[in-house]
Amino acid sequence: MGYSQDFSNEDFIYLKRHEHIKIGLAKQSFEITKLVSEQAEYLSANKLYFANESMSFDSFTSIEDIDAYTYLPSSDKNIKVDYIETKREFDNGIFYSDQESKIFTFPAVTKGAITNLNYKEVIKDPHFLGLFRFGTYVPTKSAQLSIEFPSNVSIGYIDFNTKDISVDFKQETSKDITTYTWTANNTKGYQSEDDGESVLYFVPHIIVYIKSYEYKGERYNVLNDVNDLYKWYASLVDQIDTNDLQKVYKIANDITKSLPTKREKAEAIFHWVQNNINYVAFEDGLGGFIPRGAASVCDKRYGDCKDMANLLYEMLNHVGIEAYRTWIGTRDRPYTYSQVPTPMVDNHMITAAIIDGETIFLDGTDSYVPFGMPSAFTQTKEALLGINNTTFKLITVPVQKAEQSVTDVNTAIHIKDDMFIVSEKRLLSGYEKVEFITDYLYKKATKTEEEFLNTTLALGNNKTSYNNITKQNFDNKRNPLELAYNLTIDNYVKKVGTKLYINLDIDRVLSKSKVDIEDKKYDKKIDHTYTKNYVTTLTIPEGYTASFIPEDLSFENENYGYKITYTQKDNTIIQHKNIFVNTLSVKKQDFESWNEFIKSLIKAYKKSIILEQK
């Protein structure tokens, strides 16, 4: 079945994106190259920035024989790229990286230009054949992956998200060489969405890998299944530097000597690593896979995820707590180990501790996650626990309950003229606390406390001012974060004749969360489940009485909902509001239900109390 697409309204398209992997095997040594050929056309002059090209490589790959040029149909000329820069790649999240890029700009690009890029990538390790995307951020007329291998090599492959495109598969064998070829024509562009899962959840792609090879009548597995992947991981673990562990053990002993239970000891060690080891990312060949020695990490007081995982492993086991180094993919990777027995399946390492039969996932890179809760971005993911050199266990990280991530808000409101005078206290626990602190540390920057809260909480109206701001338990891992502040919200009370119209919903969380069903193509991602509880107390001003109090309102769905009630007690009116989200993903087929929830909540937010002069 073929699919035709009209790309005439596009600004930039790929005419082709072709990759050909050639696998050679000399005795027991692989020689692997990938030939890449890309051709793109500029159908308008609106996106000429695509002329800037970057090709990444690292210790496991090299890039050779680059041939890049621009073809101008109007003059029938080819203009070659005459300067290619090799640049070390660093971003704000990477302390050291072996990743480099070949960077250049196609010359003379204008409307109608066709750019051409051909190069060879040498793959130095047979565990890293990577993936190929049939679709990318712009449409592609011809996307093709082929892999050529000798008869004594077995290849595995698995495709993802291809049900809505037509992929033609062809197998050819000649002179003990087999070639697999996958071709997709006229694939649309796939754009990521701010509140969506990573593109790997929806872009059509394929992962190929070397399962095994034969040599002198014997079969040798490379990545036949998860057993082989773990065997390779275990061989890397064997290379960890275990010198000078006595200093690590001394720290562990000092931390836990007065604590009676294993759970208390584990919590103390976890908090010590969170507080004392700074997270930095390393990407350095096999050094990006082999944890650094625990003693070195302790001395330097920094490390990446696997360094922290190994340090926790050493400290916990030393004090008698069963703990294991654990490989895991974040939620950006939509794979399981049984599906994808290659390093593509995971990108993170944590520690799993077994205490009283309970598996506790410990991620030292998340400095504020409470003990007993996994990092939010590992929920739902399959974890690979390394038991010993030959034995492992697969355990799925559970979704944490909404009751574990709670925001409790207590608000007292007095009225002065047309202003709200507010005293408010917030208690944030679980991921609600982690999210707020993360935003504070990384987004506050040069903003004042008031500016940050005004942006983050968005309470009242654009005339809200904050003062007397305090924070408690910012660095206390066990207790909820406590925020307290006073607000004045000018021009908030509406007076009509003898009546005052009072709206108690100064916090309108989720009011801007309606899904645009026409434009949103993929599921809505939610980082964590949560519950928000509000108790808002309004003191009725002297000389007034309540002539109207809104009725109770609610929306009930197993995945999301709210309930709002009002009660009057003496000269106060108390609003109780509970909002919960109990899912990590709103599926496309549930967008209408989600929008009904948001619509109902917004309608509830608009309800006002009416106070009337006596």
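Here is a walk through this predicted model, starting with its helices and ending with a few single residues.

Let's begin at helix α1, residues 226-237. Its twelve residues should span 16 Å at 1.5 Å a residue, and the end C-alpha atoms are indeed 16 Å apart, so expectation and model agree. The helix is mostly covered, with nine of the twelve residues buried. Those nine are Val 226, Asp 228, Leu 229, Tyr 230, Trp 232, Tyr 233, Ala 234, Leu 236 and Val 237. What do the buried residues of α1 pack against? They meet the strands β16 (218-221), β20, β23 and β24.

One of those strands, β20 (residues 322-328), has six of its seven residues buried, so the rest of the structure largely encloses it. On the pairing side, β20 runs antiparallel to β21 (residues 348-355) over seven bridges. If you want a spot to click on, take Tyr 324, whose bridge partner in β21 is Ala 352. Strand β20 also pairs with β23 (residues 382-386), again antiparallel, through three bridges. Here Ile 328 is a handy marker, as Ala 383 is its bridge partner in β23.

Now for the rings. The structure holds 38 aromatic pairs. Take Phe 104 and Phe 106: their ring centres are 5.1 Å apart and their planes sit at 80 degrees, over the 60 that edge-to-face requires, so that is what this pair is. Phe 104 is buried, because its relative accessibility is 3%, and Phe 106 is buried too, at 6%. Compare Tyr 230 and Phe 392, with centres 5.2 Å apart and planes at 45 degrees, which makes the pair tilted. Tyr 230 belongs to helix α1 and Phe 392 to strand β24 (residues 392-396), so this pair ties together parts that are 162 residues apart in sequence. With a relative accessibility of 4%, Tyr 230 counts as buried. These two rings also belong to a cluster linked by ring pairs, made of Phe 60, Phe 128, Tyr 230, Trp 232, Tyr 233, Trp 327 and Phe 392.

Two charged residues also sit over rings. Arg 17 lies over the face of Tyr 14, 5.8 Å from the ring centre. Lys 532 does likewise over Tyr 530, at 5.1 Å from the ring centre.

On to the nonpolar cores. In soluble globular proteins, nonpolar side chains tend to be buried together. In this model the largest nonpolar core has 89 residues, and the ones with the most contacts inside it are Leu 311, Phe 420, Ile 502 and Leu 611. Which helix gives the most to this core? That is α8 (residues 591-605), with seven residues. Leu 611 is worth a look as well: leaving aside neighbours within four places in sequence, its contacts include Ile 415, Ile 502, Leu 538, Pro 541, Tyr 544 and Ile 573. A second, separate core has 53 residues, among them Phe 134, Tyr 209, Leu 223 and Tyr 522.

Back to α8 itself. Its 15 residues should span 21 Å at 1.5 Å a residue, and the end C-alpha atoms are 21 Å apart, so the two agree. The buried residues here are Phe 591, Trp 594, Asn 595, Phe 597, Ile 598, Ser 600, Leu 601, Ala 604 and Tyr 605. An α-helix has 3.6 residues a turn, so residues three or four places apart point the same way. The elements covering the buried residues of α8 include β31 (524-525), β34 (553-555), β35 (560-569), β36 (572-581) and β37 (585-586).

Finally, some single residues. Glu 214 sits in strand β15 (residues 205-215) and is partly exposed, with a relative accessible area of 47%. Beyond residues up to four places away in sequence, Glu 214 touches Leu 25, Asn 152 and Arg 219. Its C-alpha atom is 46 Å from that of Lys 524, which lies 310 residues away along the chain.

Thr 380 has a positive phi, near 75 degrees, although it is not a glycine. You'll find Thr 380 in the loop between β22 (358-362) and β23, partly exposed at 40% relative accessibility. Asn 491 also has a positive phi without being glycine, near 55 degrees. Its loop runs between β28 (481-489) and β29 (494-496), and Asn 491 is partly exposed at 46% relative accessibility.

Technical notes. Residues are numbered from 1 along each chain as its sequence is written. This is a predicted model: local features need pLDDT of at least 70, side-chain atom pairs count only at pLDDT 80 or more; totals for chains, interfaces and linings use all residues. Side-chain values use heavy atoms; hydrogens and water are left out. Rings of Phe, Tyr and Trp (its six-membered ring) pair if their centres lie within 6.5 Å; planes under 30 degrees apart count as stacked, over 60 as edge-to-face and the rest as tilted. Buried means under 20% relative accessible area, exposed over 50%, partly exposed in between (1.4 Å probe, protein chains only). Helices (H or I, at least four residues) and strands (E, at least two) are DSSP runs, numbered from the N terminus. A charge sits over a ring if NZ of Lys or CZ of Arg is within 6 Å of the ring centre and within 35 degrees of the ring normal. A nonpolar core is a set of buried Ala, Val, Leu, Ile, Met, Phe, Trp, Tyr and Cys residues joined through side-chain atoms within 4.5 Å. Contact means heavy atoms within 4.5 Å. The expected span of a helix is 1.5 Å times one less than its number of residues. Two strands pair if DSSP finds at least two bridges between them.
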